[in-house]
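Please look over the sequence and the structure below before reading on. The briefing that follows goes through them topic by topic.

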Amino acid sequence: MEALGRRLGQVSDLRAAASLLSWEQETFMPEEAAPVRGQQLATLAGLSHELFTAPETGGLLAQAQPQTPTEEAVVRVARRDHAKATRLPTAFVEEQTRAQNEAHHAWIDARRHSDFGAFAPHLERMMDLARRQADLMGFDEHPYDALIDDYEPGMRASQVQAVFADLRDRTLPLLDRIRAAGDAADYGVLTRPFPAQAQKDFAWRVAGEAFGLQGSFARQDESAHPFQSNFSRSDIRITTRVEPYWPACLFGTWHETGHAMYERGVHERWARTPVSAGASLGVHESQSRMFENLLARSLPFWERYFPQLQEVAPAVTEGLDAGALYRAVNRVNPSLIRVEADEVTYNFHVMLRFELELALLEGTLAVRDLPDAWNAKMQAYLGLTPPDDARGVLQDIHWSAGLIGYFPTYTLGNLLSVQLLEAAQRDPAVAQGVASAEYSPLRAWLVEHVHQHGRSLTPAELTVQATGQPLGADPYVAYLHRKYGGIYRLD
């Protein structure tokens, strides 16, 4: 066990170093360094993969005799990861890493110039690598199953399709009723002048006061696409972006804060082991969407923090009260950009991406036809057609990073966020705290029931243990009807 622990710690350190280089290239790296950085990342990926898949590691895992529940969890998770990793040759891992880095920088430039054609060859390569990865990993039903398992262990494409169909059928009627109800507030306030630094400062301050994100273990920077990275539970980085539509900065920061606090809450006994991460990306997303939407878009939140917003952004709050701002930031309006979408329409953005990924992977959709297919689905789901590629097919970072199978986790996280919050509020202290925007009791509940376990529980096990029932859409759909029925006076 000691020898295994040392080896797993070395693998963890190599991966943390690679993650740090990836974070730095999104924030401070000079543009000319991109090709060199790609090789550096490929080298680190190859080294960590070789070390983890080496026969010596397999021998240690086979010989390991865990004596405690902690050791049992580490060995169990490491054996599963090792079984998957050994199916991928080191040369493939290095090739995939180099291709991802090249595609990422091509995407940045293509997005800047709204030129899908410049990115298309890289996406073709990403999809080819994804197909090869699925073949190497093996699957029973669909090649997508082998890919989504990296992000949501145990999930299959057929399950996602069933969940999405149910959610779509139960959300579209609500969206139609909201559209017919008309405006619920003055939405012009969402683009009132709000200085960039003031946006970042306010968002960061509230992230600390409300949600516990502290500068002693975290920092915030800017990037083209907001994200969270962590290299240990004491070194967590989040990024944001600033736009005239100021909710993008505020709610983007609080979204990433949810991810950050999950990583902070993973128990230190899992440090430098494969268990030291979130149970899945769906569970991770449940935390970010809870902080961003269930808490930061709630009326109690704005009743508490509206005075602070008045101090730093008087041009935004002039003539408003907390209730008016609450209604404004919860505007339901089909939009082009996923990360700016409201709670009612957000999942349609995810559904169209999932459907396009399936088609690309199957080969029933050619990459060159993707912009037209994207625009057609946007029109079908949201009644919108993007005016250019930057606000359409090029808006997300995921495909450039080879993250095929990632998108469904956003909606799975939405569903779980409500289910977890309702379970937490069975505790009167948590319920009272949420009602007054005092989130310390909730954070403690999340650490106890979700965060501390890391990957020692599967997503399904964690969901049942924390909430008493498997993941389902009912709580989320009821939440949408309750909240937006009130805002738009639909009852």
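Asp-149 is buried in this predicted model, with a relative accessible area of 15%, under the 20% limit for that class. Its salt-bridge partner is Lys-84, and the closest N to O distance between the two side chains is 2.8 Å. Lys-84 counts as buried too, at 13% relative accessibility.

**Salt bridges**

- The structure holds 28 salt bridges.
- Side chains of opposite charge can pair when their charged atoms come close.
- The bridge between Lys-84 and Asp-149 (2.8 Å, N to O) links distant parts of the chain, since Lys-84 lies in helix α4 and Asp-149 lies in the loop between α7 (143–148) and α8 (157–181), 65 residues apart.
- Lys-84 and Asp-149 also belong to a network of salt bridges that includes Arg-80 and Asp-150.
- Another salt bridge joins the side chains of Arg-455 and Asp-81, at 2.7 Å from N to O.
- The partners Arg-455 and Asp-81 are 374 residues apart and link distant parts of the chain: Arg-455 sits in the loop between α19 (440–449) and α20 (459–467), and Asp-81 sits in helix α4 (residues 69–85).
- Arg-455 is partly exposed, with a relative accessible area of 22%, whereas Asp-81 counts as buried at 14%.
- Arg-112 and Asp-109 form a salt bridge in which the closest N and O atoms are 3.2 Å apart.
- Both Arg-112 and Asp-109 belong to helix α5 (residues 90–113), where they are three residues apart, about one turn of the helix.
- Arg-112 is exposed, with a relative accessible area of 53%, and Asp-109 is partly exposed, with 34%.

**Helix α4**

- How far apart are the end C-alpha atoms of α4? They are 24 Å apart, which agrees with the 24 Å that its 17 residues should span at 1.5 Å a residue.
- The buried residues of α4 include Asp-81 and Lys-84; among the others are Ala-73, Val-74, Val-75, Val-77 and Ala-78.
- His-82 and Ala-85 are also among the buried residues of α4.
- Which helices do the buried residues of α4 pack against? They pack against α1 (2–27), α2 (34–53), α3 (55–63) and α6.

**Helix α15**

- Helix α15 covers residues 346–362, and its 17 residues should span 24 Å at 1.5 Å a residue.
- The end C-alpha atoms of α15 are 25 Å apart, which agrees with that expected span.
- Helix α15 is largely enclosed by the rest of the structure, because 15 of its 17 residues are buried.
- Gly-363, just after α15, takes a positive phi of about 85°.

**Positive phi outside glycine**

- Ser-114 is not a glycine, yet its phi is positive, near 50°.
- Ser-114 is found in the loop between α5 and α6 (116–137).
- At 25% relative accessibility, Ser-114 counts as partly exposed.
- Arg-489 is not a glycine either, and its phi is positive at about 50°.
- Arg-489 is placed in the segment after α21 (474–487).
- Is Arg-489 buried or exposed? With 70% relative accessibility, Arg-489 counts as exposed.

**Leu-462**

- Leu-462 is in helix α20 and counts as buried, at 0% relative accessibility.
- Leaving aside neighbours within four places in sequence, Leu-462 is in contact with Ala-279, Val-283, His-449, Val-450 and Leu-457.
- Leu-462 and Leu-365 are 97 residues apart in sequence, and their C-alpha atoms are 36 Å apart in space.

**The cavity**

- How many cavities of 30 Å³ or more does a search of the whole structure find? The search finds one.
- The largest cavity has a volume of about 40 Å³.
- Which residues line the largest cavity? The lining is made up of Trp-107, Phe-119, Val-393, Leu-394, Asp-396 and Trp-399.
- By type, the lining of the largest cavity divides into five nonpolar residues, one charged residue and no polar residues.

Note on methods. Residues are numbered from 1 along each chain as its sequence is written. This is a predicted model: local features need pLDDT of at least 70, side-chain atom pairs count only at pLDDT 80 or more; totals for chains, interfaces and linings use all residues. Side-chain values use heavy atoms; hydrogens and water are left out. Helices (H or I, at least four residues) and strands (E, at least two) are DSSP runs, numbered from the N terminus. The expected span of a helix is 1.5 Å times one less than its number of residues. Buried means under 20% relative accessible area, exposed over 50%, partly exposed in between (1.4 Å probe, protein chains only). On a 1 Å grid over the protein atoms alone, a cavity is a set of points where a 1.4 Å probe fits but cannot get out, and a pocket is an open set with protein on both sides within 12 Å along at least five of seven lines; lining residues have an atom within 4 Å of a point. Grid points are joined across faces, edges and corners, and a volume is the space filled by probe spheres set on the points. Ala, Val, Leu, Ile, Met, Phe, Trp, Tyr, Cys and Pro count as nonpolar, Asp, Glu, Lys and Arg as charged, and the others, Gly among them, as polar. A salt bridge is a side-chain nitrogen of Lys or Arg within 4 Å of a carboxyl oxygen of Asp or Glu. Contact means heavy atoms within 4.5 Å.
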